[in-house]
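Let's take a stroll through this structure together, one neighbourhood at a time. Have a look at the view below, and then we'll start with a question.

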Amino acid sequence: MFDKDTLGKYAELVLKKGVNIQSGQGLEIACPITEAYVAHAVAEKAYSLGASIVRVRWEDELLDKINYINASEKALSEVPKWFVASKNYLAEKGFCYIAVSAEDPAAFKDVPAEKTAAAAVARSRALKKFSETVMANGIRWCVAPAPSKAWAKQVYGDGEDSVKRLTADIEKAMRLDLPDPQAAWEKHVQNLERRAEILNGHKFALLRFENKLGTDLTIGLARDHVWLSAREKAADDVEFIANMPTEEVFTAPHAGIAEGVVKSSMPLSYNGQIIDDFYIRFKNGRVRDFYAEKGNDALKNIIGTDAGTRRLGEAALIGKNSPVAQAGTLFFNTLFDENASCHLALGKAYPTTVKNGRALNLKQLKALGANDSSEHVDFMIGTPDLKVTGIKNDGSEIPVFTDGEWCF
Ligand code: ZN
Ligand code: ZN
């Protein structure tokens with residue numbers, strides 16, 4: 001649990017740097033009922049920053065579980081019209097949106113997977129319009145973590161100090177432990193932007209990853225690829241930061257170019273399953289063979305999802321000295337785990353990681369080499385000795401990472 005002082009800093013940070021709330025603007029907060037004090041603090045601060053109205057959508061995993069167990073698949077697949085309308089309302093009225101993330105990674109482990117899947121598919125179909133608006137930055141949004149008891153238990157076990165330890169990790173990752181978190185974030189974001197700019201200037205054709213673990217992989221980058229980082233612009237031209245924490249600078253690989261082998265450096269937590277100690281070998285951009293010491297069937301399922309999950313859709317660079325990486329812990333929460341280590345993703349590339357990508361159709365994106373799939377699964381490859389080299393079209397080489405950290 002955050003103490004009062006930290007909570008004040010947290011609220012100010014997610015409102016100012018996160019969604020960048022403007023005077024007269026409405027705000028919706030999605031928050032687990034177990035962490036209600038966080039929503040209360042954010043709501044109060046939002047008004048002091050000029051919010052017109054704050055609405056909260058309470059989330060309750062325990063009740064969700066009761067529903068999953070007792071309701072039929074058919075009933076769970078019915079999404080009320082009012083729910084869809086309430087989400088579309090946010091975009092229509094120009095609200096911004098904060099999601100407090102404190103999920104219990106094991107919340108639904110005793111629930112039949114068909115039921116959670118049926119509800120998830122129905123919800124994503126019903127909210128298609130809303131999620132397209134979000135992905136195209138039609139509204140300003142921010143996901144930020146809060147330490148819940150259930151989440152802490154999964155990370156640090158039953159012990160008394162679990163929540164304390166997770167709280168400290170979150171404070172460090174969000175730079176709330178520093179005297180001026182706002183200033184620290186500005187510096188951090190500018191640093192990521194500077195690196196993205198340097199990478200964009202180089203217009204690399206290839207990236208090579210090497211380490212002692214056995215990774216020796218060369219990937220192509222999509223034509224017209226763009227390196228992105230923390231700060232984005234919404235449709236209304238106002239800047240915001242969608243994820244807190246965020247440490248990555250990332251872009252789109254070329255789906256047709258990847259040669260060599262890559263070794264996982266951290267366990268991959270996927271749909272409640274752990275996949276660990278694995279390699280994937282690529283040939284002509286496509287997965288040629290793979291093996292996981294733990295969870296090989298789950299890895300097989302991911303790779304076999306569709307044609308796109310046999311190819312790469314993201315390359316992301318994160319230095320080993322980032323606060324999330326330094327925790328050295330698996331958090332079972334994407335917001336954290338993908339910011340702990342350099343990673344690649346199997347599956348779909350973000351359209352925004354190629355120039356003008358939001359205006360391009362699938363065929364045009366594919367022509368540039370940006371991968372398409374119904375999935376996007378990150379896996380960690382960063383190690384303390386990771387070396388990353390950028391290779392230009394003329395064959396010249398520029399060091400990007402040495403010993404797991406940025407060269408610039
Ligand atoms: Zn990423
Ligand atoms: Zn990703």
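Is His376 buried, partly exposed or exposed? At 24% relative accessibility, His376 counts as partly exposed; here buried means under 20% relative accessible area, exposed over 50% and partly exposed in between, using a 1.4 Å probe and protein chains only.

A quick word on the ground rules. This is a predicted model, where local features need pLDDT of at least 70, side-chain atom pairs count only at pLDDT 80 or more, and totals for chains, interfaces and linings use all residues. Residues are numbered from 1 along each chain as its sequence is written, chains are lettered from A and ligands numbered from 1 in the order in which they are written, and side-chain values use heavy atoms, with hydrogens and water left out.

Now back to His376, which is one of the residues holding a metal. The zinc ion (ligand 2) has as its protein donors Glu314 (OE), His376 (NE2), Asp378 (OD) and Asp378 (OD), at 2.0 to 2.6 Å. Donors are N, O and S atoms within 2.8 Å of the metal (3.2 Å for Na, K and Ca), and since water is not among the atoms, sites may look incomplete. Asp378 is buried, with a relative accessible area of 11%. Along the chain, the donors of this zinc ion (ligand 2) follow the spacing E-x61-H-x1-D.

Why is the arrangement around the zinc ion (ligand 2) irregular? Its 4 donor atoms subtend angles of 53 to 138°, and that makes the arrangement irregular. For the label, four donors count as tetrahedral if all angles lie between 85 and 135 degrees; four count as square planar and six as octahedral if opposite donors are over 155 degrees apart and all others between 65 and 115; anything else is irregular.

There is a second metal to meet. The zinc ion (ligand 1) is coordinated by Glu248 (OE), Glu314 (OE) and His343 (NE2), at 2.0 to 2.2 Å. Glu314 bridges the zinc ion (ligand 1) and the zinc ion (ligand 2), which lie 3.4 Å apart. Glu248 and Glu314 link distant parts of the chain: Glu248 is in the loop between β8 and β9, while Glu314 is in strand β14 (residues 312-317), 66 residues apart. Helices (H or I, at least four residues) and strands (E, at least two) are DSSP runs, numbered from the N terminus. Both Glu248 and Glu314 are buried.

Next, look at Glu247, in the loop between β8 (239-241) and β9 (249-251). Glu247 is buried, with a relative accessible area of 5%. Its side chain makes a polar contact with the side chain of Arg175, at 3.0 Å. A polar contact is a pair of N or O atoms within 3.5 Å; within protein, one must be able to donate a hydrogen and the other to accept it, and residues adjacent in sequence count only if both atoms are side-chain atoms. Not counting residues up to four places away in sequence, Glu247 also touches several others, including His188, Leu317 and Asn339; contact means heavy atoms within 4.5 Å.

Arg175 has another partner too. Arg175 lies over the face of Trp185, at 5.8 Å from the ring centre. A charge sits over a ring if NZ of Lys or CZ of Arg is within 6 Å of the ring centre and within 35 degrees of the ring normal.

On to rings that meet rings. The whole structure holds 12 aromatic pairs, where rings of Phe, Tyr and Trp (its six-membered ring) pair if their centres lie within 6.5 Å, with planes under 30 degrees apart stacked, over 60 edge-to-face and the rest tilted. Among them is the edge-to-face pair of Tyr68 and Phe108, 5.1 Å centre to centre with 85° between the planes. Tyr68 lies in helix α3 (residues 61-70) and Phe108 in the loop between β3 (96-101) and α6 (113-126), so the pair ties together parts that are 40 residues apart in sequence. Tyr68 is buried at 9% relative accessibility, whereas Phe108 is partly exposed at 27%. Ring pairs also link Trp151, Phe331 and Phe336 into a cluster.

Phe331 leads us to our last stop, Asp337, found in helix α13 (residues 334-337). Asp337 is buried, with a relative accessible area of 8%, and its side chain reaches the backbone nitrogen of Phe331 at 2.8 Å.
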